[in-house]
Amino acid sequence: AMILQIFGSPDKRQINGLAGADPLTSKLAVIGPSKQPGCDVDYTFAQVSITDAVVDWNGNCGNISSGVAPFAIDESIVKCHEGLNEVTIWQVNTQKVMKSYVLVEDGKAKVTGDVAIAGVPGTGALIQMDMSGTAGAATGKLLPTGNPVDVIETSRGPIEASIVDCANPVIFVRAESVGMKGTEDQVEIDGNKELLKYLEEIRGIACVKCGMAKDLADATKNSPAFPMVAFITEAQDYYYPPEKKTIKKEEVDLVSRLMFMQVLHKTYAGTATVCTGVAAKIPGTIVNQVIGKENPEELVRIGHPAGVINCYSEVTPDLTVKKAAIERTARRLM
């Protein structure tokens with residue numbers, strides 16, 4: 001109840017609260033000294049619904065995770081030294097360990113720098129997040145069903161899907177399987193009510209398949225944020241209207257559109273980036289098929305609506321995740 005009041009939910013404008021009437025800004029982190037051996041910080045994530053009196057505790061957020069170590073350093077929750085610091089984070093929701101690498105200057109987390117994030121104005125100091133310890137975050141398994149590809153029976157017939165769980169679980173389907181090109185923008189996707197309904201059906205079926213919900217209604221009501229759905233396609237050119245620029249085929253390894261809280265993610269979630277990068281290294285997954293390489297390079301470049309996001313990943317033949325790293329920025333607003 002306290003969290004809902006802070007955010008001004010439920011209200012589609014969140015006018016009487018701190019949030020910005022967008023699923024990407026309706027998030028909360030609870031941070032404190034770790035009770036877990038070998039960890040520095042305990043971090044609990046909350047996804048706050050805008051339209052319902054619901055707080056979803058079933059997953060994590062890569063972007064919010066990026067702010068955990070800088071906040072803990074600035075608040076003296078962890079000891080730090082000048083230069084690069086490694087902070088070990090216990091992610092309470094998923095019961096997994098993450099590593100954060102933060103530069104410290106004059107006793108505080110460094111803020112200024114030249115790292116740019118597609119879809120975010122300005123630049124900031126580099127924060128490296130390695131989420132290789134988050135395999136099986138929500139379901140206990142990197143491949144929750146044990147298969148790199150499953151056939152899901154939907155109201156429109158069977159479609160192939162890969163369900164992968166690292167950082168957060170994501171359901172990957174080919175764009176053509178849901179009647180899309182994979183390069184659509186927010187207006188085209190969020191304005192298509194039939195598509196949104198169908199993607200939520202796919203998400204709900206996979207949610208049940210993963211053991212995260214009893215049925216489709218339970219998935220929508222009690223686990224609205226996770227798993228996420230991504231529909232993907234091969235590398236190709238596409239246009240980004242706000243900056244009047246074209247993302248070139250040569251800049252990406254695949255193109256993806258990610259659904260989050262039943263609408264299009266305006267960019268690409270950090271946890272989904274990790275999951276996509278890891279899925280690319282698992283033979284036979286739809287991501288692996290779309291990239292078209294049995295052993296892709298460590299760097300996987302994902303084309304999203306606002307630009308490109310990188311993941312550096314490594315998975316062994318026995319499906320041990322050795323690396324799952326992204327680059328982020330963070331700064332205190334108030």
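This passage describes internal spaces, ring contacts, backbone features and selected residues in a predicted model.

We can start with the enclosed space. The count comes to 2 cavities of 30 Å³ or more, and the largest has a volume of about 70 Å³. Its lining is made up of Leu196, Leu199, Glu200, Arg203, Val229, Met259, Phe260, Met261 and Gln262. Two elements, α4 (193-209) and β16 (254-260), each give two or more residues to this lining, and α4 gives the most, with 4 residues. In character, the lining of the largest cavity divides into 6 nonpolar residues, 1 polar and 2 charged.

The second largest cavity holds about 30 Å³ of space. Around this second cavity stand Asp22, Pro23, Leu24, Phe260, Val263, Leu264, His265 and Lys266. Of these lining residues, 5 are nonpolar, 1 is polar and 2 are charged. Phe260 appears in the lining of the largest cavity and also in that of the second largest cavity.

Open space can be described in a similar way. The second largest pocket contains about 340 Å³. Its lining comprises 16 residues, and Ser49, Ile50, Thr51, Met261 and Gln262 are those nearest the pocket centre. Met261 and Gln262 also belong to the lining of the largest cavity. The pocket lining divides into 7 nonpolar, 4 polar and 5 charged residues.

Phe260 returns when the aromatic rings are considered. A search of the whole structure gives 1 aromatic pair. In this pair, Phe226 and Phe260 are tilted, with 6.2 Å from centre to centre and 55 degrees between the planes. Phe226 lies in the loop between α5 (216-222) and β13 (228-234), whereas Phe260 is in strand β16, so the pair ties together parts that are 34 residues apart in sequence. Both Phe226 and Phe260 are buried. Two arginines also sit over rings: the charged end of Arg156 is 4.1 Å from the centre of the Tyr198 ring, and Arg257 lies over the face of Tyr238, 4.8 Å from the ring centre.

The loop that holds Phe226 is of further interest for its backbone. Phe226 is joined to Pro227 by a cis peptide bond, with omega of about 0 degrees, and Pro227 is placed in the loop between α5 and β13. A cis peptide bond also joins Ser9 and Pro10, where omega is about -5 degrees. Pro10 is in the loop between α1 (2-7) and β1 (27-33).

Positive phi values occur at two residues that are not glycine. Gln95 has a phi of about 55 degrees and is found in the loop between β4 (83-91) and β5 (96-105). With a relative accessibility of 48%, Gln95 counts as partly exposed. For Leu319, phi is about 65 degrees, and the residue lies in the loop between β19 (307-315) and β20. Leu319 is likewise partly exposed, at 32% relative accessibility.

Helix α6 (residues 270-280) is mostly covered, with 11 of its 11 residues buried. Among the buried residues of α6 are Thr271 and Val274, and these two are also touched by Ala167.

Ala167 itself is found in the loop between β11 (157-166) and β12 (168-174). With a relative accessible area of 1%, Ala167 counts as buried because that value falls under the 20% cut-off. Not counting residues up to four places away in sequence, Ala167 touches Asn60, Met131, Thr134, Ala137, Thr271 and Val274. The C-alpha atoms of Ala167 and Ala135 are 6.4 Å apart, although 32 residues separate them along the chain.

Ala330 offers a second viewpoint, in the segment after β20 (321-328). Its relative accessibility of 25% makes Ala330 partly exposed. With residues up to four places away in sequence again left out, Ala330 touches Ser66, Gly67 and Ile127. A separation of 19 Å lies between the C-alpha atoms of Ala330 and Ala167, which are 163 residues apart along the chain.

Notes
Residues are numbered from 1 along each chain as its sequence is written. This is a predicted model: local features need pLDDT of at least 70, side-chain atom pairs count only at pLDDT 80 or more; totals for chains, interfaces and linings use all residues. Side-chain values use heavy atoms; hydrogens and water are left out. Buried means under 20% relative accessible area, exposed over 50%, partly exposed in between (1.4 Å probe, protein chains only). Contact means heavy atoms within 4.5 Å. On a 1 Å grid over the protein atoms alone, a cavity is a set of points where a 1.4 Å probe fits but cannot get out, and a pocket is an open set with protein on both sides within 12 Å along at least five of seven lines; lining residues have an atom within 4 Å of a point. Grid points are joined across faces, edges and corners, and a volume is the space filled by probe spheres set on the points. Ala, Val, Leu, Ile, Met, Phe, Trp, Tyr, Cys and Pro count as nonpolar, Asp, Glu, Lys and Arg as charged, and the others, Gly among them, as polar. Rings of Phe, Tyr and Trp (its six-membered ring) pair if their centres lie within 6.5 Å; planes under 30 degrees apart count as stacked, over 60 as edge-to-face and the rest as tilted. A charge sits over a ring if NZ of Lys or CZ of Arg is within 6 Å of the ring centre and within 35 degrees of the ring normal.
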